[in-house]
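Please walk through the structure below with attention to its individual side chains, beginning in a loop and moving from there to buried charge, aromatic rings and charged pairs.

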Amino acid sequence: MRRPAVTRTISTLNITVLGMDTVSCEPMTKTFPVYESEAPKDEAKLFNYIRKMYETDTFKISTITDKTAVKKTYTMPLSKYIEEAEEVKTDKADTAQ
């Protein structure tokens, strides 16, 4: 018998950047995931967005070297989802499922 499950497809952009480790003074590349729907389309805005989210005192981002779109589908048994998910309070008129 098939068990009920929650399934979602998530679209992300894997943004690879070149930056400098300020402690070791070594260049490094790192890849960061960003929700595709939240990523700015403009390259300059995307660069600033990535810097704001991931740059630290010890890692300074210099440039974006690659963008890769990734789409993955995830699933979880409904019973586990109900156990672990946070309940969202909604109006009684809201009938979204």
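Cys25 lies in the loop between S1 and S2, and, in this predicted model, its backbone deserves a first look. Phi of Cys25 is near 55 degrees, a positive value in a residue other than glycine. Most residues other than glycine have a negative phi. With a relative accessible area of 57%, Cys25 counts as exposed, because the threshold for that class is over 50%.

On the S1 side of this loop, the residue to consider is Asp21, which is found in strand S1, a run that covers residues 5-21. Asp21 has a relative accessible area of 18% and is therefore classed as buried, since buried means under 20%. Side chains of opposite charge can pair when their charged atoms come close. Asp21, however, has no salt bridge although it is buried, and the nearest side chain of opposite charge, that of Lys30, is 6.7 Å away; this falls outside the limit, because a salt bridge requires the nitrogen and the carboxyl oxygen to be within 4 Å. What the side chain of Asp21 does reach is the backbone nitrogen of Val23, at 2.8 Å. If neighbours within four places in sequence are left aside, the residues in contact with Asp21 are Glu26, Met28, Thr58 and Phe59. By contrast, Glu86 is remote from Asp21, the two being 65 residues apart in sequence and 37 Å apart in space, C-alpha to C-alpha.

Two of the residues just named also meet one another, for Lys30 lies over the face of Phe59, at 4.4 Å from the ring centre. Lys30 is thus the nearest side chain of opposite charge to Asp21, without a salt bridge to it, and is also placed over an aromatic ring.

How many aromatic pairs does a search of the whole structure find? There is one, and it is formed by Phe32 and Tyr54, whose ring centres are 4.1 Å apart and whose planes meet at 10 degrees, so the pair is stacked. The pair links distant parts of the chain, with Phe32 in strand S2 (residues 26-35) and Tyr54 in helix H1 (residues 43-54), 22 residues apart. The partners fall into separate accessibility classes: Phe32 is buried, with a relative accessible area of 11%, whereas Tyr54 is partly exposed, with a relative accessible area of 23%.

The charged side chains remain, and here a search of the whole structure finds three salt bridges. In one of them Glu43 pairs with Lys67, the closest N and O atoms being 3.0 Å apart. This pair, too, links distant parts of the chain, since Glu43 belongs to helix H1 and Lys67 to strand S3 (residues 59-77), 24 residues apart. Glu43 is partly exposed, with a relative accessible area of 41%, and Lys67 is likewise partly exposed, with a relative accessible area of 39%.

Another salt bridge joins Arg51 to Glu55, with the closest N and O atoms 3.3 Å apart, and Arg51 counts as partly exposed at 33% relative accessibility. The remaining salt bridge is that of Lys89 with Glu87, where the closest N and O atoms are 3.7 Å apart. Here both side chains belong to exposed residues, Lys89 having a relative accessible area of 71% and Glu87 one of 66%.

Definitions and conventions:
Residues are numbered from 1 along each chain as its sequence is written. This is a predicted model: local features need pLDDT of at least 70, side-chain atom pairs count only at pLDDT 80 or more; totals for chains, interfaces and linings use all residues. Side-chain values use heavy atoms; hydrogens and water are left out. Rings of Phe, Tyr and Trp (its six-membered ring) pair if their centres lie within 6.5 Å; planes under 30 degrees apart count as stacked, over 60 as edge-to-face and the rest as tilted. Helices (H or I, at least four residues) and strands (E, at least two) are DSSP runs, numbered from the N terminus. Buried means under 20% relative accessible area, exposed over 50%, partly exposed in between (1.4 Å probe, protein chains only). A charge sits over a ring if NZ of Lys or CZ of Arg is within 6 Å of the ring centre and within 35 degrees of the ring normal. Lys and Arg count as positive and Asp and Glu as negative; His and the chain ends are not counted. A polar contact is a pair of N or O atoms within 3.5 Å; within protein, one must be able to donate a hydrogen and the other to accept it, and residues adjacent in sequence count only if both atoms are side-chain atoms. Contact means heavy atoms within 4.5 Å.
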